[in-house]
Amino acid sequence: MTKAIAQQAPAAVANALINLRVDGRAVQVEKGATLLDAINKSGSHVPTLCYHPEFEPRAVCRMCLVDVNGSDKPLPACRTIAQEGQDIMTNSEELKSFRRRDLQFLLNRHPNDCIRCEAAGQCKLQSLVQEEQVQDMWPASAKKARGSPEHPEHLLHDHTSPSIFRDMDKCIECGLCVEACAAQKINAIGFAERGSGVLPITAFDKPLAETGCISCGQCTLRCPVGALIERPDWHRVLEVLDGRKRKTIVQTAPATRVAISEEFGLEPGSISTGRMINALRQLGFDYVTDTNFSADLTIMEEANELLQRVQGKREGALPLFTSCCPGWINYVEIHRPDLIPHLSTTKSPQQMHGAIARNGPLAKLIAEETEEEPFIVSIMPCTAKKDEAVRPGSRGDIDAVITTRELAKMIRHRNIPFASLSNDGKYDSPMGDSSGAAAIFGASGGVLEAALRTAADALGLDGPIEHEGIRGVERGVKIASIEGLGSVAAVSSIGSAIDLLSNDEWKKKFLMIEVMTCPGGCLGGGGEPKSDDKDILKKRMEGIYKIDSSATIRKSHENKEVQQLYDTFLGSPLSEKSEALLHTTYAARGSPREKLSQFLGSVDARDYQGAARLCAEDCIWDTNTPTFGAACGKDSIKCLIKDKLPKVNKKCGQEIKRHRLLDVDGTDVLGPDGQKHHFDIVLDDAGLIKCLTRTSL
């Protein structure tokens, strides 16, 4: 379980120092520190596989066992509290021999597929095996398979999620994934079986895509091996870059620039914006753009949406929930669809960026050189962004999402010396300028603070530009009162949001609530570099706010490129074009509305196979048109989409025409032709579409 700060000893006691010795060296630590803390401070080293500073240590891997005077057996350093006068030995021959045997037993059940494993080079087990030069003593025929012979139904390989891959044959039973999921209060995975059969599984062995998983990726961030990873897209991106057949556009999220440095030995929190841009150009991207640009654009839409809801001019409930975090959106649609009326309809910066890059001024510029659509990549700190990119209504705007960790792999595979690159790279224009307000989107409270800066100016309020009360990386709820506006809240971690929403007090207290699924916000996202540094989020946060404080402009509405985009393309916030490109809709998972949205998204993309997968075998799709009539059965539906509907041959710079759901709920739709329709939809017991009937309004 997550450590609770409130349960720690009083400050006066915590600051008391005790003296002990580690491998013959004297060391002082605070009272309450563990033997592992003392060992690390002394300069000695013991390996760990199941330890992470965020969680209470479980000491199941036994790699950190040490000898302590007065104890008749080795003790786990990760969970043993240091005592005055102790003498600790970390590297006796007996301990080293035990660790080697422990590693050999782990290898006995490991596939040893390191040469192709996505965790290669970042795997703690691989690192220890290399360090200790442990040999795999068992031939393939003698290896023990993972899982339980009594329960072979346990899924070992699960690649159903759009965000996360599970390969449980690589699991070492450290339990960190279970701890991470429990800390988020999602509990999509937990332990099953006992002894050698123990395995982290989903409830009832369902594929991850069919559970309550919200794709936050905290399990992938904590997994020390390759059992849980983000869905790898970097191979495909490199293939496109190497092919040089399509123009490529890349966008970089706010939190990536203060985290990528860690992958190459630079100080945590180092601002490496210029290095990252230069590395992306060396990888072969034609246009390097900034998600911070679209973060400013997000604020323009979201702040105006808030003001219109306050004035009663726009559908939707108050308080307004921010919609930038896809893990939070997943949570609402899966677990709390009653909150959908409170969600901002504003797309996330990633999806706004994709929509503008594919339809706006940059696309028009590229169209002067080629008719072929550009290949658009986003680099995100978040695994759930992979999920978001294939949502109905946004599908096709982003071709590939890669995490900060995946970008590091690409850089290493192309032998680019990141740490020695100059830090002077500049983003391309358009879609390269941004404000300090956009930079703080990467930290918990940042979206809210950015919105407050713009809303205050719009209302003529003379408020502060910085709101320290809603900053911080700790899990929990931070509250600020803004004179002339009301109270607002920033929620760090989905577990804290679940606590806040456990009663209806939030409805009375707040005007606007920002929820970030990961602790600390995006800088603690599931796709960021892995770290055992307990202060890593704080260091990244300091980098984020340093970018803001040194920015030339610090308010989103002062971004000249954003102003120009409205003047020349969008018109104004919440205009008809803005609504079509920059706003979205939501639906309870498994509901007729969601199935309709998915089906129409497949129709728009002419994905006849995807549409058919949503339908029952005897499904009837009645278009109520003389041209297409009714399609009866899956094969007939596939034929209608594939062979009868007009082909989609979108050229670069042409705006995408899609079906759009109307209103907060219901199944009224605005068609690509601008006509309104109502759909009656019936689902069978398996949740597949049984009957779909369209009626013009």
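So, strands β3, residues 65-68, and β5, residues 87-89: in this predicted model they pair in the antiparallel sense, over two bridges. If you want one position to click on, take Asp67, which stands opposite Met89 in β5.

Okay, zooming out to the sheet around that pair. We've got five strands in an open sheet, and the order reads β2-β1-β5-β3-β4, with mixed pairing. Quick reminder for anyone who doesn't stare at sheets all day: strands pair through backbone hydrogen bonds, either parallel or antiparallel. And which strands sit at the edges here? That's β2, 25-30, and β4, 75-76, each of them pairing on one side only.

Now, what packs on the sheet? One helix that does is α2, residues 35-42, and it touches β1 (17-22), β2, β3 and β5. The direction of α2 makes about 130° with that of β2. Then there's α3, residues 93-108, which also packs on the sheet, with contacts to β3 and β5. For α3, the angle with the direction of β3 is about 165°.

Last bit, further along the chain: helices α9, 291-310, and α11, 349-359. Their axes come within 8 Å and cross at roughly 105°. Angles of 65 to 115 degrees count as roughly perpendicular, so that's what we call α9 and α11 relative to each other. Who's actually meeting whom? From α9 you have Thr291, Phe293, Ser294, Ala295, Leu297, Thr298 and Glu301, and across from them in α11 are Pro349, Gln350, Met352, His353 and Ile356. By type, the residues of that contact split into six nonpolar, five polar and one charged.

Terms used:
Residues numbered from 1 in each chain as written. Predicted model: local features only at pLDDT ≥ 70, side-chain atom pairs only at ≥ 80, totals over all residues. Heavy atoms only, no water. Axes fitted to C-alpha atoms, helices over the stretch in contact; angles between N-to-C directions. Helix = DSSP H or I, 4+ residues; strand = E, 2+ residues; numbered from the N terminus. Parallel < 35°, antiparallel > 145°, perpendicular 65-115°, else oblique. Contact = heavy atoms within 4.5 Å. Nonpolar A, V, L, I, M, F, W, Y, C, P; charged D, E, K, R; others polar. Pairing = 2+ DSSP bridges.
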